[in-house]
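Me: I would like a close look at a single part of this model. Please take one residue and work outwards from there.

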Amino acid sequence: MHSALALLATPPVPALLRTLSDGTGTALDLERDTRAARPLQARLKRLRALGVVAVRRRARFPHALEYGLATPGRELLAIAGAVEAWLERTPQAPLRLDEATAGAAITALADCWATTVFHALAAEPLSLAELERAVGSLSYPALQRRLAALRAVGQVRPVEPRGKQRSAFALTRWAREGTGPIVAAARWDRMHRPLR
């Protein structure tokens, strides 16, 4: 999965990005402002390692750390905007980026893209067996799980294709509109998460 999308699908990262977009704050400030249910230290450490968050020591209190967005974090915030716009257009009720259902939709889209399920279904509706042949790298049960996740969030729908005996699956228009956030996330990944 794209690193940018994986981060945005993980609570409380979107709330942290929004909070830090207004300036800096200590871990305690961030916990209060994001209403995090658990301490954010591990999440902040990960974001710091990825270069999303910068840290500095406060002048008056040298043991207190102050967090702020680094350039990759500001760029990730822009991707969050594109993802939010996409989530608002869901066929069901609009989703907010910090909802669990939104995280499931983002994860399903990114996983579908990364495993080439998206590419195969973008060409034409396919049955599960046809999809297994087209993708090749995933087992039948793995494809079943992915299709179930995609159906649950409204990114694929069953169709009855002409001339075929088996029902097939097709990408919804909303799933196709997800290519914008995917492209933005891929660009961010290429710039800030080079292959090692």
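Which residues does L87 touch, not counting residues up to four places away in sequence?

Reply: The model is a predicted one. Leaving out residues up to four places away in sequence, L87 touches P94, L95, R96, L97, A102, A105, I106 and W174. Several of these names come back below, so the surroundings are taken in turn.

The helix pair comes first. L87 belongs to α5, and together with V83 and W86 it makes the α5 side of a contact with α6. On the α6 side the contact is made by A102, A105, I106 and L109. The contact of α5 with α6 divides into seven nonpolar residues, no polar and no charged ones. Helix α6 covers residues 100–114, and its axis comes within 11 Å of that of α5, with a crossing angle of roughly 105 degrees. Angles of 65 to 115 degrees count as roughly perpendicular, and α5 and α6 are therefore roughly perpendicular to each other.

The nonpolar core is next. L87 is among the residues with the most contacts inside the largest nonpolar core, along with V52, L76, V117 and L131. That core has 56 residues, and its largest share, seven residues, comes from α6. In the chain as a whole, buried residues make up 43% of the 196 residues. The chain has eleven helices and four strands. Among its contacts between residues at least 6 apart in sequence, 55% join residues at least 24 apart.

W174, one of the residues that L87 touches, leads to the aromatic rings. A search of the whole structure finds two aromatic pairs. In one of them, the ring centres of W86 and W174 are 4.2 Å apart and the planes lie at 5 degrees, so the pair is stacked. Planes under 30 degrees apart count as stacked. The pair links distant parts of the chain: W86 is in helix α5 (residues 71–88) and W174 in helix α10 (residues 173–177), 88 residues apart. Both W86 and W174 are buried.

W113 and F118 form an aromatic pair that is tilted, with 5.1 Å centre to centre and 55 degrees between the planes. Here the two residues are classed separately: W113 counts as partly exposed at 24% relative accessibility, whereas F118 is buried, with a relative accessible area of 5%. The cut-off for buried is under 20%.

The loop between α6 and α7 (117–123) holds T116. T116 has a positive phi of about 65 degrees although it is not a glycine. Most residues other than glycine have a negative phi, and most peptide bonds are trans. At 35% relative accessibility, T116 counts as partly exposed.

An exception to the trans peptide bond is found between P11 and P12, which are joined by a cis bond with omega about 0 degrees. P12 is placed in the loop between α1 and α2.

Helix α2 (residues 13–20) leads back to α5. Six of the eight residues of α2 are buried, and the helix is mostly covered. The buried residues are V13, P14, A15, L16, L17 and L20. They pack against several elements, including α1 (3–8), α3 (27–34), β1 (53–57) and α5, the last of which is the helix that supplies V83, W86 and L87 to the contact with α6.

Methods: Residues are numbered from 1 along each chain as its sequence is written. This is a predicted model: local features need pLDDT of at least 70, side-chain atom pairs count only at pLDDT 80 or more; totals for chains, interfaces and linings use all residues. Side-chain values use heavy atoms; hydrogens and water are left out. Rings of Phe, Tyr and Trp (its six-membered ring) pair if their centres lie within 6.5 Å; planes under 30 degrees apart count as stacked, over 60 as edge-to-face and the rest as tilted. Helices (H or I, at least four residues) and strands (E, at least two) are DSSP runs, numbered from the N terminus. Buried means under 20% relative accessible area, exposed over 50%, partly exposed in between (1.4 Å probe, protein chains only). Axes are lines fitted to C-alpha atoms, for helices over the stretch in contact, and angles run from 0 to 180 degrees between N-to-C directions. Angles under 35 degrees count as roughly parallel, over 145 as roughly antiparallel, 65 to 115 as roughly perpendicular and the rest as oblique. Contact means heavy atoms within 4.5 Å. Ala, Val, Leu, Ile, Met, Phe, Trp, Tyr, Cys and Pro count as nonpolar, Asp, Glu, Lys and Arg as charged, and the others, Gly among them, as polar. A nonpolar core is a set of buried Ala, Val, Leu, Ile, Met, Phe, Trp, Tyr and Cys residues joined through side-chain atoms within 4.5 Å.
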